[in-house]
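Please work through the exercises below with the sequence and the coordinates open side by side. Each task is followed by a solution in steps.

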Amino acid sequence: MLSALSPSTVLGVPGSLALLAAVVLVPILLLVAGVAFFALRRVDRADLPVALLGLAHVISALCGLLPWGRPTPPPALPQPTAEDTEPPAAGSTVVLVRPEPTAPAVVRRAE
């Protein structure tokens, strides 16, 4: 019981281990805060959700630096929607495959 009340412990953890954890965690937290500050300062408001999702990817990758951390796959980036879709072709296309090369031929079908 006396060891738990010793001045060299912090919340029941030896002081040297608490100091080592602080030495590891503080630079990582400063790195994340710095990246977030500079990235979010330069992004447009319209692109803010994508920037925050990218920041989640960075934080997840940095979790791999921690001795006890495992990087988790963050959610996927949203896929752009196809606004310009091509109209379907008027006629059908027929492709002939032959074992020997031949001269190209175009055949028109009567419709």
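The exercises below concern a predicted model and proceed from the overall fold to individual residues.

**Exercise 1. Overall composition**

Determine how many helices and strands the chain has and in which order the elements run.

Solution. Step one is the count: the chain contains 2 helices and 2 strands. Step two is the order, which from the N terminus on reads β-β-α-α. Step three turns to burial: of the 111 residues in the chain, 7% are buried. Step four considers the surface, where the chain exposes about 10000 Å², with 67% of it supplied by carbon and sulfur atoms. Finally, take the contacts between residues at least 6 apart in sequence: 33% of them join residues at least 24 apart.

**Exercise 2. Helix lengths**

Test whether the end-to-end distances of H1 and H2 agree with 1.5 Å a residue.

Solution. Begin with helix H1, residues 15-42. Its 28 residues should span 40 Å at 1.5 Å a residue. The expected span is 1.5 Å times one less than the number of residues. The end C-alpha atoms of H1 are 41 Å apart, which agrees. Next take H2, whose 15 residues should span 21 Å. The end C-alpha atoms of H2 are 21 Å apart, so here too there is agreement.

**Exercise 3. Packing of the two helices**

Identify the buried residues of H1 and of H2, and state what H2 packs against.

Solution. First, list the buried residues of H1: Ile28, Val32 and Ala36. Second, recall the geometry: an α-helix has 3.6 residues a turn, so residues three or four places apart point the same way. Third, ask what covers these positions of H1; the cover includes helix H2 (48-62). Fourth, examine H2 itself, in which Leu53, Leu55, Ser60 and Leu62 are buried. These buried residues of H2 pack against H1.

**Exercise 4. A nonpolar patch and its surroundings**

Classify Leu17 and Ala18 as buried, partly exposed or exposed, and place Leu17 in its surface patch.

Solution. Leu17 is found in helix H1. Its relative accessibility is 46%, so Leu17 counts as partly exposed. Together with Val13 and Leu20, Leu17 forms a nonpolar patch on the surface, and the accessible area of the three is about 250 Å². Ala18 also lies in helix H1. At 24% relative accessibility, Ala18 is above the 20% limit for buried residues and therefore counts as partly exposed. As a distance check, the C-alpha atoms of Ala18 and Ser8 are separated by 9.8 Å, with the two positions 10 residues apart along the chain count.

**Exercise 5. Aromatic geometry**

Find how many aromatic pairs the rule gives, and assign the geometry of Phe37 and Phe38.

Solution. The count comes to 1 aromatic pair. The ring centres of Phe37 and Phe38 are 5.3 Å apart and the planes stand at 70°, so the pair is edge-to-face. The threshold for that class is an angle over 60 degrees. As for exposure, Phe37 has 49% relative accessibility and is partly exposed. Phe38, with a relative accessible area of 46%, is partly exposed as well.

**Exercise 6. The segment after H2**

Decide whether Val94 is buried or exposed, and give the separation of its C-alpha atom from that of Val107.

Solution. Val94 lies in the segment after H2. With a relative accessible area of 58%, Val94 is exposed. The C-alpha atoms of Val94 and Val107 are separated by 9.8 Å, and the two residues are 13 residues apart along the chain.

How values were computed
Residues numbered from 1 in each chain as written. Predicted model: local features only at pLDDT ≥ 70, side-chain atom pairs only at ≥ 80, totals over all residues. Heavy atoms only, no water. Helix = DSSP H or I, 4+ residues; strand = E, 2+ residues; numbered from the N terminus. Buried < 20%, exposed > 50% of the residue type's maximum accessible area, 1.4 Å probe, protein only. Contact = heavy atoms within 4.5 Å. Areas by Shrake-Rupley, 256 points an atom, 1.4 Å probe, with all protein chains shown as cover. Patch = residues over 30% accessible without salt bridge, like charges linked within 9 Å, V, L, I, M, F, W, Y side chains within 5 Å. Salt bridge = Lys/Arg side-chain N within 4 Å of Asp/Glu carboxyl O. Phe/Tyr/Trp six-rings, centres within 6.5 Å; stacked < 30°, edge-to-face > 60°.
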